[in-house]
Amino acid sequence: PAVFIASSGREPLTGAGDLEVGILLRDLDLMTLIGVAEAGPENIAVDLDSVDGLSADDAGARFVTGRLGVRIVMTRRPALAALVAEAGCLGLVHVFAFDSTGLNRALESHPARNGVGTVISPGPVLSHLTADDLERLPRPIVAYGLIDAADRARQLLSIADSVVVGPECAR
């Protein structure tokens with residue numbers, strides 16, 4: 001989806017106009033994740049590192065993709081993103097790009113293989129990266145964090161494949 005709405009899974013979500021919308025489940029507990037996944041909405045992504053009661057490890061990734069059927073998993077752990085890709089899903093490596101050194105270090109450990117993309121946080125950093133830096137980012141690219149207005153989200157979609165916004169931005 002072009003737009004993911006960040007959610008703890010506890011609040012009702014609405015769409016984002018005519019854009020295809022997904023849900024990024026983050027900062028939630030395992031039982032809420034199971035409940036939302038079993039309710040069957042399409043286009044769910046999960047921030048594996050922020051699920052209370054679920055380890056962000058091989059077993060956690062296999063549970064989320066295999067048992068719950070989640071097809072998009074975000075993590076700070078490159079090896080887990082690669083494991084998700086091996087399962088036929090999309091693994092996204094969450095890169096904190098506060099400066100060029102952090103970006104470079106993160107990209108050095110990125111698996112850069114088919115099925116593994118990149119989440120750049122904070123999202124607005126993308127508009128300040130050089131063409132060379134953007135070229136180095138494995139796709140798909142997701143802009144995440146500090147995207148608080150629809151205009152900003154639209155601008156970032158000219159660079160990124162998807163953006164993550166809060167529920168207030170999607171209204």
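**Exercise 1. Helix α4**

Which exposed residues does the face of α4 turned away from its buried side carry? Work it out on this predicted model, starting from the buried side.

*Solution.*
- Step 1: Pick out the buried residues of α4, which spans residues 100–109; they are Leu 103, Ala 106 and Leu 107.
- Step 2: Look down the helix axis. The buried residues of α4 fall within an arc of 100°, so they line one face of the helix.
- Step 3: Now flip to the face turned away from that buried side, and you find the exposed residues Arg 105 and Glu 108.
- Step 4: Back on the buried side, check the packing partners. These are β7 (90–96), β8 (116–121) and α5 (131–136).

**Exercise 2. The N-terminal end of α4, and Asn 104**

Find the residue that caps the N-terminal end of α4, then place Asn 104 relative to Asp 133.

*Solution.*
- Step 1: The cap is Asp 99, with a side-chain oxygen 3.2 Å from the backbone nitrogen of Thr 101.
- Step 2: Move along to Asn 104, which also belongs to helix α4. Its relative accessibility is 30%, so Asn 104 counts as partly exposed.
- Step 3: Take the C-alpha atoms of Asn 104 and Asp 133: they sit 9.0 Å apart, with these positions 29 residues apart along the chain.

**Exercise 3. An aromatic pair**

Track down the one aromatic pair in the structure and classify its geometry.

*Solution.*
- Step 1: The partners are Phe 96 and Phe 98, at 6.4 Å centre to centre.
- Step 2: The angle between the planes is 5°. Planes under 30 degrees apart count as stacked, so the pair of Phe 96 and Phe 98 is stacked.
- Step 3: Check accessibility. Phe 96 comes out partly exposed at 38%, while Phe 98 is exposed at 66%.

**Exercise 4. Ser 162**

Is Ser 162 buried or exposed, and what is Ser 162 in contact with beyond its neighbours within four places in sequence?

*Solution.*
- Step 1: Locate Ser 162 in strand β10, residues 162–165.
- Step 2: The relative accessibility of Ser 162 is 9%, so this serine counts as buried.
- Step 3: Leave out the neighbours within four places in sequence, and the contacts of Ser 162 are Pro 1, Ala 2, Phe 4, Ile 141, Val 142, Ala 143 and Leu 157.

**Exercise 5. Cysteines**

How many disulfides does a search of the whole structure find?

*Solution.*
- Step 1: Recall that a disulfide is a covalent bond between the sulfur atoms of two cysteines.
- Step 2: Run the search over the whole structure: the tally is zero.
- Step 3: Look at accessibility anyway. Cys 89 counts as buried at 7%, and Cys 169 counts as buried at 13%.

Definitions and conventions
Residues numbered from 1 in each chain as written. Predicted model: local features only at pLDDT ≥ 70, side-chain atom pairs only at ≥ 80, totals over all residues. Heavy atoms only, no water. Buried < 20%, exposed > 50% of the residue type's maximum accessible area, 1.4 Å probe, protein only. Helix = DSSP H or I, 4+ residues; strand = E, 2+ residues; numbered from the N terminus. Arc of directions from axis to C-beta. Contact = heavy atoms within 4.5 Å. Polar contact = N/O pair within 3.5 Å; in protein donor to acceptor, adjacent residues only side chain to side chain. Phe/Tyr/Trp six-rings, centres within 6.5 Å; stacked < 30°, edge-to-face > 60°. Disulfide = S-S within 2.5 Å.
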